[in-house]
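Ready to get to know a new fold by working through it? Grab a pencil and take the exercises in order.

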Amino acid sequence: MIEQTTQTETELARLPVTCIQDVLLARMIVRQESARMGFPPQLVTQIATATSEITRNVVEHSGGVGQARILEVAEPLRRGLKIAVQDTGSGIPDVKRVLAGTSPGAGIPGCRRVMDEFGITSESRRGTTVTMLKWLPLVPRQT
Ligand SMILES: Nc1ncnc2c1ncn2[C@@H]1O[C@H](COP(=O)(O)OP(=O)(O)O)[C@@H](O)[C@H]1O
Ligand SMILES: [Mg+2]
């Protein structure tokens, strides 16, 4: 029998994404929370940058409004930080092309590269949802 992994999510923050100030706030919260969880500085910066890229996209490209949720994910052997950004804007016409990095910007492919899990769904005139996660491996206890 395959054992099912138990996973729990705790919402740390939820904020609207409507303007550049919201982008900066989301970045700051992710910085704080990832540092608190024990991510090393380099990863803190990467996760914060990915958060600001994705929330900035809502403001710059979607033409709509969005919401960012920041969650701590816990499994028996690891914890992670999850960022979910949803908007009710225009949607991305060709997500595959954007992910392939052949579109002008390198924002989304760059975020996918630095995160451990990255998902994007987009529907024309309905909006876009990006969910990304970075795992913090548990360090074995020193004896
Ligand atoms: N939330 C969004 N809503 C609508 N279109 C988006 C959204 N995010 C990204 N896009 C589209 O995908 C393209 C690629 O995004 P990205 O990789 O972040 O590069 P950049 O923002 O530098 O153009 C954008 O130029 C835009 O056309
Ligand atoms: Mg961008």
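Below are three exercises, each with a worked solution. This is a predicted model, where local features need pLDDT of at least 70, side-chain atom pairs count only at pLDDT 80 or more, and totals for chains, interfaces and linings use all residues. Residues are numbered from 1 along each chain as its sequence is written, while chains are lettered from A and ligands numbered from 1 in the order in which they are written.

**Exercise 1.** Work out which residues of α1 are buried, and where they sit around the axis.

*Solution.* Start with the rule: a residue is buried if 20 or more other C-beta atoms, placed from the backbone, lie within 10 Å of its own, exposed if 12 or fewer, and partly exposed in between. Helices (H or I, at least four residues) and strands (E, at least two) are DSSP runs, numbered from the N terminus. Applied to α1, the rule gives Asp22, Val23, Ala26, Arg27, Val30, Glu33 and Ser34 as buried. They cover an arc (taken from the directions from the helix axis to the C-beta atoms) of only 140°, which puts them on the same side of α1. On the other side, Gln21 and Arg36 are exposed.

**Exercise 2.** What follows α1?

*Solution.* Look just past the helix: there you'll find Gly38, with a positive phi near 105°.

**Exercise 3.** Arg125 has a positive phi too; where is Arg125 found, and is it buried or exposed?

*Solution.* First, the phi of Arg125 is about 65°, although this residue is not a glycine. Next, place Arg125 in the loop between β4 (117–123) and β5 (127–137). Finally, count neighbours: 10 other C-beta atoms lie within 10 Å, so Arg125 is exposed.
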